[in-house]
Amino acid sequence: MFEDTKKCSIGLLEFLDEFPLVQKLIPRIGITRDNCIMCVQFINEKPIEISFGSKFISEDGTKKEEDKNIYFHAGDEQLNAESFGYHEGAHVLAALLKNNGMYSDVEICKKAYEQIRQTQLNGISYEDAKLTISDYAEETDNELFAEAFADVYQYGENASPFSKKIVQLAKMEYNAIKR
Ligand SMILES: [Zn+2]
C-alpha cells in the first residue's frame, strides 16, 4: 500500500479517537477510481463509505507525477498526508451534526467568521479569510470546514485563527449532541 494511503488512515483514526460518535456513521471502507487520495462517498447527504483512490495504491509504491496536483494544502512543502484522513473525518462529523439537528458545517463557518472578523481577521472578506487556510478551502464551505480541521491538525497553535475558531465551534456543537 502506498505510504501516503497509510498515513491517511492514521489521520482518520486519530479523528475518530477524538470524535468517537463519528464512528457509527462510517459503514465501510472502500476503493474508488475518483481522483482523490482519500474521500467520503455520500448518497443523499448520507456518508456511505470512506474510499481510498485506487491510483494511489500502486504495487511498486510510487506515485504518478501528474497526481501531484492533489496536494492542495496551504504550505505544500510541509504537507502531511495524515491531515487528509483528518479532513475526511471532518466531512463525516458535518453529517453527524446535521443528523442531530446541530449547526451545519456551512453555518459554523459563517458564525466563526462573524465572531473573529473584526478582531483576529482584521476585517478581511470571507473569501480572503478562506485563503488563510488553504486554496482548497475556497472550493465550497463544506471543504472550508474540512480544511479548517486539517489545518488545525497539521499546524496546531500555528494554524489560521479562522481554522481554530471553526474547530472550536464545531467541538461545542459535537459536545452538545445528546448521547
Ligand atoms: Zn473534502
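How many residues lie between β2 and β3 in the hairpin that they form, and which residue in the turn has a positive phi? In this predicted model, the hairpin of β2 and β3 has two residues between its strands, and N44 in the turn has a positive phi of about 50°. The strands β2 and β3 (residues 46–53) pair in the antiparallel sense, over six bridges. Within this pairing, I43 stands opposite K46 of β3, and Q41 stands opposite E49 of β3.

The hairpin belongs to an open sheet of three strands, in which the order is β1-β3-β2 and the pairing is mixed. Because β1 (29–32) and β2 (38–43) each have a single partner strand, both stand at the edges, and one side of each is left without a neighbour in the sheet. From one strand to the next, the twist averages 45°. In general terms, the strands of a sheet pair through backbone hydrogen bonds, in either a parallel or an antiparallel arrangement.

The chain as a whole comprises six helices and three strands, and from the N terminus on its elements follow the order α-β-β-β-α-α-α-α-α. Of its 179 residues, 36% count as buried. Among the contacts in the chain with a separation of 6 or more, 64% are accounted for by residues 24 or more positions apart.

Helix α2 (residues 82–99) connects the description of the sheet with that of the helices, since α2 lies across β2 and β3 and runs at about 20° to β2. Helix α2 also packs with α1, at an angle of about 45° and with the two axes 6 Å apart, which makes α1 oblique to α2. The crossing in which α1 passes α2 is right-handed. On the α1 side, the residues that meet α2 are K7, C8, S9, I10, G11, L12, E14, F15 and L16, and their counterparts in α2 are E82, S83, F84, G85, Y86, E88 and G89.

A further packing of α2 is with α5 (residues 141–155). The axes of α2 and α5 come within 8 Å and cross at roughly 135°, and the two helices are therefore oblique to each other. The crossing of α2 past α5 is right-handed. The contact is made by S83, Y86, H87, A90, H91 and A94 of α2, together with N142, F145, A146, E147, F149, A150, Y153 and Q154 of α5.

Helices α3 and α6 likewise pack, at an angle of about 125° and with their axes 9 Å apart, an arrangement that makes α3 oblique to α6. Here, too, the crossing of α3 past α6 is right-handed. Residues I108, C109, K111, A112, Y113, Q115 and I116 of α3 meet P161, F162, K165, I166, L169, A170 and E173 of α6.

The largest nonpolar core has 37 residues, and those with the most contacts inside this core are F145, A148, F149 and I166. The elements giving two or more residues to the core are α1 (3–18), β2, β3, α2, α3 (105–116), α5 and α6. Its largest share, eight residues, comes from α5. When neighbours within four places in sequence are left aside, A148 is in contact with I133, F162, S163, I166 and V167. As a general tendency, nonpolar side chains in soluble globular proteins are buried together.

Two further residues illustrate positions that are separated in sequence. Y155, located in helix α5, is partly exposed because 19 other C-beta atoms lie within 10 Å, whereas 20 or more would be needed for a residue to count as buried. Y155 and S83 are 72 residues apart in sequence, and their C-alpha atoms are 9.8 Å apart in space. R179, by contrast, lies in the segment after α6 (161–175) and is exposed, with 5 other C-beta atoms within 10 Å. The separation of R179 from L21 is 158 residues in sequence and 9.0 Å in space, C-alpha to C-alpha.

Notes
Residues are numbered from 1 along each chain as its sequence is written. This is a predicted model: local features need pLDDT of at least 70, side-chain atom pairs count only at pLDDT 80 or more; totals for chains, interfaces and linings use all residues. Two strands pair if DSSP finds at least two bridges between them. Helices (H or I, at least four residues) and strands (E, at least two) are DSSP runs, numbered from the N terminus. Axes are lines fitted to C-alpha atoms, for helices over the stretch in contact, and angles run from 0 to 180 degrees between N-to-C directions. Two residues are in contact if their C-beta atoms, placed from the backbone, lie within 7 Å. A residue is buried if 20 or more other C-beta atoms lie within 10 Å of its own, exposed if 12 or fewer, and partly exposed in between; C-beta atoms are placed from the backbone. A nonpolar core is a set of buried Ala, Val, Leu, Ile, Met, Phe, Trp, Tyr and Cys residues joined through C-beta atoms within 7 Å. Angles under 35 degrees count as roughly parallel, over 145 as roughly antiparallel, 65 to 115 as roughly perpendicular and the rest as oblique. A crossing is left-handed if the near helix is turned anticlockwise from the far one by less than a right angle, and right-handed if clockwise.
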